[in-house]
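Q: I'd like to learn how to read charged pairs in a model like this. Can we walk through some together?

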Amino acid sequence: MNGPALRRHQAEALAALDRAWASGTTRAWVTLAPGAGKTLVGLRTATAMLADGRVSRVVAFGPNTAIQGQWAAQGSALGLEVGTDRVLDEPVSALTYQSLAVFDADAEVDDDGLEGSLLARLHPGGRALVEELSSCGPVLLVLDECHHLLEVWGRLLAELLDRLPQALVLGLTATPPAALPADQAELVEELFGRCAYAASIPALVREGDLAPFSELVWLTTPTAAESSWLAESAARFTELLTDLMDPEFGSTPFLSWLDARFTDPGVPWLSVLRTEPALARAALRAHHAGMLALPPGARLGEEHRVAPTSDDWVLLVDDWLTRCLTVSDDPADGAVVEAVRKALPSVGYVLTRRGIRRGRSVVDRVLARSESKTVAATAIVSHESATLGDRLRMLVLCDHERASALLPADLDGLMDAQSGSAVAVVAGLVADPETADLDPMLVTGSTVAASATTLAAFRDFVAARPRAAEADLAGRLVVEPVPGADGLSRLVGPWTSRAWVRLVTDFLTSGGTRVLVGTRGLLGEGWDAPAVTGLVDLTAVTTTTAVTQTRGRALRVDPSWREKVAVNWTVVCVADDHPRGANDWDRLVRKHAGYLALDQTGEVTDGVAHCDSRFSAFAPPSTADFDALNAEMVVRSQRRHETAEAWAVGTEYVDAAVPAIRVLAAERSRVGSVREPAPVVAGPTSLVIRDDSLLADRPWPALLLGTGCLFGVGALVAGHAAFVGLALVLVTLAWFVLRVQREARGMRVLAAASTPPSVAQVACAVADALHAAGLTSAGSSAVGLQVEPGGEYRCVLGGVGEQEAAAFAVAVDEVMGPLGTPRYVVPRWVVSPGPWPTRAALAAASGRALATAETWHAVPTVLGANARRAGMFATAWRHWVGGGEAVFTGSPEGAGVLAAQSGSDPFAVTTLMRRHWG
């Protein structure tokens with residue numbers, strides 16, 4: 001067959017599809033990242049089905065004309081005739097979704113005022129296309145970038161397929177199945193069944209099909225004027241928070257309500273957790289802030305070890321109002337409700353009859369479009385230019401060319417109406433001396449703009465093109481100033497975005513401009529410029545689909561520079577003195593959720609931690625650390641060769657992301673990576689010494705003692721009284737040395753008995769217990785532990801599926817974390833020298849010691865489901881750590897343990913849950 005050779009993942013995807021079709025399925029979908037060659041997979045499938053007569057027509061739908069053009073061009077390269085209109089007179093037709101779903105606005109509802117068939121509501125052109133499809137016989141529908149099939153599209157497709165019983169359906173998308181929101185995942189499975197094949201971005205990088213890359217963050221704070229405005233807007237809500245701590249504020253004070261609501265033993269915590277998870281999270285954050293005792297049965301995870309956010313406060317206050325104050329007969333509570341009502345708009349909420357609801361947040365607009373972001377983008381471009389020089393090809397993406405709406409009255413005079421727009425960004429780049437020489441350009445669906453000098457060079461570039469039509473076009477282009485943007489001009493003439501996007505892209509590739517500013521909508525799906533070395537993301541979009549597509553612009557392999565390493569930046573603005581000042585950080589977190597990239601330690605991880613392993617998804621770093629963090633990010637951007645080496649292109653890999661637990665200890669000495677079972681196991685009154693080396697002594701004192709005794713006996717027999725005294729000295733010295741040795745031996749035993757279990761020992765105990773219970777396919781031999789220079793431990797159960805790895809990580813987290821209210825607990829006894837170390841050491845040397853402490857640990861939930869599993873954990877725990885039998889907390893003994901130990905933190909470590917790839 002003509003055309004390029006198949007890459008590994010293309011061949012595997014086609015093989016998986018062949019198996020799916022052979023099994024009788026009529027609907028299938030595959031996931032391949034941008035740049036991985038989804039179009040070729042679709043075309044090869046189309047060619048094979050046309051050749052063997054399974055279908056008589058192939059119709060490929062895509063989201064825009066750029067992707068439609070790709071189908072036409074690549075189809076022609078394979079020797080196929082590809083049509084691009086709704087007539088369907090070619091074996092393969094490439095259309096846009098809009099060619100089908102153009103609804104007739106006058107047919108929105110039926111005569112009863114209810115929605116009718118979506119097919120019936122189509123514009124005549126769309127209905128004609130459906131009729132044409134119905135008359136084609138067996139047809140293959142290829143839905144490229146099928147993540148665009150949202151709710152209405154899905155319903156439309158379902159109706160269409162009902163009209164096409166002989167149709168086969170192939171979905172192509174760059175969005176991994178795990179990253180789809182629940183509603184879209186359900187819809188996609190209904191329309192296409194299970195995913196036939198998926199290859200992740202890291203896998204394609206390892207294959208060399210995508211460029212190695214890193215994801216970096218530039219952290220900034222609002223401008224001085226913006227900060228002043230934010231401080232004023234936060235004042236009323238801050239006053240409310242102060243009032244909430246006042247025991248006279250409300251007939252039932254807020255803190256008293258929290259106690260009654262969450263710490264009353266009569267309120268089952270599990271019920272709150274299951275029915276109101278967001279409220280439960282807010283309550284645990286209130287506990288972390290010292291406002292609430294730990295609810296019975298609750299335990300803190302990473303997401304709870306942060307201060308309550310404004311959203312948390314709102315949830316707690318709403319619960320207080322709706323369940324207590326608004327149903328109160330006390331007239332003073334009306335004033336409290338009114339005070340809450342006045343404070344809520346400052347954090348983007350309003351109080352309604354049905355409770356507190358989200359409203360318009362002007363704060364979010366200030367953070368999302370802060371003028372500090374334009375300054376940050378200019379700084380990033382300057383740093384990238386210093387690193388790459390003439391090879392720089394930077395893309396800066398914004399949400400819009402110009403703000404179409406007026407600024408809210410609250411912001412009038414605070415910030416420019418165009419702040420955050422593509423026009424404002426390119427104007428800033430042109431005005432800055434360090435970036436002006438890079439000839440920054442703006443390209444959108446309606447505008448091509450730059451400095452007058454850059455536009456003149458671009459016009460000369462177009463005039464030199466070999467096509468006569470383009471040379472003629474150059475002479476008809478006029479340069480004119482952009483209104484309201486000093487130093488910026490635009491090209492006006494008889495051309496369309498389809499022409500100028502292609503020409504500007506070629507100009508960028510050639511180095512005529514080294515910084516291109518555009519909108520995500522235009523330079524997203526279907527736009528291809530392999531020379532792009534990285535991007536600056538200034539958009540507010542947060543879906544994984546959009547993030548994958550956005551990053552995909554920079555990950556193309558550049559044939560002219562095989563050593564290319566892409567660096568993608570996201571600019572984030574944080575105001576730590578405002579209740580909603582972390583909104584932009586939360587947006588960053590949502591952008592990177594489910595997205596796999598390389599962190600600074602060389603691990604491929606999921607989520608915002610790949611920007612920096614210290615980053616939390618639940619709170620931004622302190623603004624005091626921003627300068628240092630930005631400097632670290634710049635250094636990482638300069639070490640592109642190290643990034644390439646860390647990706648290990650061409651080496652073997654397992655294309656799976658598995659959950660792992662990371663343990664951070666305040667004191668490194670308290671935890672370790674020792675993988676051997678505990679050398680000494682303490683009981684209440686005795687010690688089991690497993691490691692004989694602890695008892696090993698030097699032999700010469702015993703030899704000296706024996707020699708002295710023999711010498712003394714011989715001296716007495718021979719009647720040499722003078723030598724008897726010498727023998728006594730030798731015997732006394734030997735006895736003393738032996739006692740000292742015994743004491744030292746005992747101290748070694750005591751030290752081993754009092755050493756806390758290592759992370760590896762705990763993990764191995766959990767792994768063996770899970771394996772013994774049949775919950776995992778591997779035990780302690782599969783435990784992987786990596787120790788980072790900073791004292792962080794990464795623990796994963798390798799060689800198993802994602803569900804098994806997740807069960808292991810959760811179980812280790814439960815054992816390492818504070819004691820909540822598990823169904824079973826296991827003890828561990830610790831001995832120490834105490835006030836009489838010599839006596840304790842001598843006893844320990846003989847295996848006798850009285851335990852000085854008893855520590856209890858939770859049996860993981862999955863292993864505490866019944867007594868049999870709990871016993872399996874206790875057996876593994878005794879082997880690796882030491883301890884006793886599992887105790888049921890429903891028994892009198894177990895209840896006493898919980899009463900005494902609940903909330904204790906035997907390991908005093910911080911645990912983080914992450915997903916690691918490969």
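A: Sure, let's start with burial. D599 has a relative accessibility of 3%, so D599 counts as buried. Keep in mind that this is a predicted model.

Q: Which residue forms a salt bridge with D599?

A: The general idea goes like this: side chains of opposite charge can pair when their charged atoms come close. In this structure the partner of D599 is R794, with the closest N and O atoms 3.0 Å apart. R794 counts as buried too, because its relative accessibility is 5%, and the cut-off for buried is under 20%.

Q: Where do D599 and R794 sit along the chain?

A: D599 is in the loop between strand 19 (596-598) and strand 20 (604-606), whereas R794 belongs to strand 25 (residues 792-797). The two are 195 residues apart, and the pair links distant parts of the chain.

Q: How many salt bridges does the structure hold?

A: There are 36 salt bridges. Some of them share partners, and in this way R465, R467, E470, R502 and D506 are joined into one network.

Q: What about E384 and R640: how far apart are the closest N and O atoms in that salt bridge?

A: They are 2.7 Å apart. This pair also links distant parts of the chain, with E384 in helix 15 (residues 371-388), R640 in helix 24 (residues 640-647), and their positions 256 residues apart.

Q: Is E384 buried or exposed?

A: Buried: E384 has 0% relative accessibility. R640 is at 8%, so R640 counts as buried as well.

Q: And how should I read the R8 and E207 pair? Are these two residues buried or partly exposed?

A: R8 is partly exposed, with a relative accessible area of 38%, and E207 is partly exposed at 28%. Their side chains meet in a salt bridge of 2.7 Å, N to O. R8 lies in helix 1 (residues 8-22) and E207 in helix 7 (residues 201-207), 199 residues apart.

Q: Let's try an arginine in a polar contact. Which side chain does R580 join in this way?

A: That would be S310, through a polar contact of 3.4 Å between the two side chains. R580 is found in the loop between strand 18 (566-573) and helix 22 (583-592), and R580 is buried, with a relative accessible area of 4%.

Q: Which residues is R580 in contact with, leaving aside its neighbours within four places in sequence?

A: Among them are S310, D311, Y349, R358 and L367. V347, G348, S361 and V363 are in contact with R580 as well.

Methods: Residues numbered from 1 in each chain as written. Predicted model: local features only at pLDDT ≥ 70, side-chain atom pairs only at ≥ 80, totals over all residues. Heavy atoms only, no water. Salt bridge = Lys/Arg side-chain N within 4 Å of Asp/Glu carboxyl O. Helix = DSSP H or I, 4+ residues; strand = E, 2+ residues; numbered from the N terminus. Buried < 20%, exposed > 50% of the residue type's maximum accessible area, 1.4 Å probe, protein only. Polar contact = N/O pair within 3.5 Å; in protein donor to acceptor, adjacent residues only side chain to side chain. Contact = heavy atoms within 4.5 Å.
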